[in-house]
Amino acid sequence: VIGLGIRIFGSTSKGIKSEKDITYTVEVKNVREFTVDALKKSSVLTDEKGEKVIGEILSVDAAPYKTEAHISDGSAAVLEMPERYTCSVVIKSPAKYVNDKYNLAEGVDVAIGDSFAIINKYVKTNGTVLELSEKTAEKE
């Protein structure tokens, strides 16, 4: 009976590693200049409720947003959208590796290809995680 209890209850920590800093890049598409400025204004990221700090924005790079459009002759062209941007946001967070994802806080996970909510004091937006590393970058 004791062996059965150890086997059942002992498996809960399987796959959980110690906490470490990770760095990840989130691409946020089709945003206005206001959003770019708001991302640069506050480097502190919080959870949905604004109660827990889950990370720090290290850098924000913005480029003109481009989209594919079909022209009247039937061909496709890549067009730059006026006053719209694609941001590359580099973030550092303490995380635990659990079940093939990094857990930043309760209910906040990050993995390559996932949608990720970026929330700071001035803005809430979503993007896609493109890169993730256990190496810690420095703030620019």
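A residue counts as exposed when its relative accessible area is over 50%, and the legends below apply that cut-off to a predicted model.

**View 1. Asn 99 in the loop between strand 4 and strand 5.**
With a relative accessibility of 61%, Asn 99 is exposed, because that value lies over the 50% cut-off. The phi angle of Asn 99 is near 50 degrees, which is a positive value in a residue other than glycine. Most residues other than glycine have a negative phi.

**View 2. Glu 83, a residue of strand 4 with a positive phi.**
Glu 83 belongs to strand 4, and its phi is near 60 degrees, again a positive value in a residue that is not glycine. Glu 83 has a relative accessible area of 67% and is therefore exposed.

**View 3. Ser 93 and its surroundings in strand 4.**
Ser 93 sits in strand 4, which runs over residues 76-98, and its relative accessible area of 0% makes it a buried residue. A polar atom of the Ser 93 side chain lies 2.8 Å from the backbone oxygen of Ile 54. When residues up to four places away in sequence are not counted, Ser 93 touches Lys 20, Asp 21, Ile 22, Tyr 24, Ile 54, Gly 55 and Leu 104.

**View 4. The largest nonpolar core and its members.**
This core holds 25 residues, of which Tyr 24, Val 89, Ile 91, Leu 104, Phe 116 and Ile 118 touch the most other members. At least two residues of the core come from each of strand 1 (20-31), helix 2 (33-41), strand 3 (53-70), strand 4, strand 5 (101-105), strand 6 (108-110) and strand 7 (115-119). Strand 1 gives the most to this core, supplying 5 residues. For Leu 104, the contacts beyond its neighbours within four places in sequence are Ile 22, Tyr 24, Ile 54, Ser 93, Pro 94, Ala 95, Val 110 and Phe 116, so that Ser 93 of the previous view appears here again as a partner of Leu 104.

**View 5. Helix 2, with its buried residues and the face turned away from them.**
The buried residues of helix 2 are Thr 35, Val 36, Ala 38 and Leu 39. Around the axis they cover an arc of only 165 degrees, and they therefore lie on the same side of helix 2. An α-helix has 3.6 residues a turn, so residues three or four places apart point the same way. The cover over the buried residues of helix 2 includes strand 1, strand 3, strand 4, strand 7 and strand 8, whereas the face turned away from the buried side carries the exposed residues Lys 40 and Lys 41.

**View 6. Glu 134 in the segment after strand 8.**
Glu 134 is found in the segment that follows strand 8 (124-133), and it counts as partly exposed because its relative accessibility is 39%. The Glu 134 side chain makes a polar contact with the side chain of Lys 20 at 3.2 Å, and another with the side chain of Tyr 102 at 2.4 Å. Neighbours within four places in sequence left aside, Glu 134 is in contact with Lys 20, Asp 21, Ile 22 and Tyr 102. The C-alpha atoms of Glu 134 and Ala 95 are separated by 9.5 Å, although these residues stand 39 residues apart along the chain.

Key: Residues are numbered from 1 along each chain as its sequence is written. This is a predicted model: local features need pLDDT of at least 70, side-chain atom pairs count only at pLDDT 80 or more; totals for chains, interfaces and linings use all residues. Side-chain values use heavy atoms; hydrogens and water are left out. Helices (H or I, at least four residues) and strands (E, at least two) are DSSP runs, numbered from the N terminus. Buried means under 20% relative accessible area, exposed over 50%, partly exposed in between (1.4 Å probe, protein chains only). A polar contact is a pair of N or O atoms within 3.5 Å; within protein, one must be able to donate a hydrogen and the other to accept it, and residues adjacent in sequence count only if both atoms are side-chain atoms. Contact means heavy atoms within 4.5 Å. A nonpolar core is a set of buried Ala, Val, Leu, Ile, Met, Phe, Trp, Tyr and Cys residues joined through side-chain atoms within 4.5 Å. The arc is that of the directions from the helix axis to the C-beta atoms.
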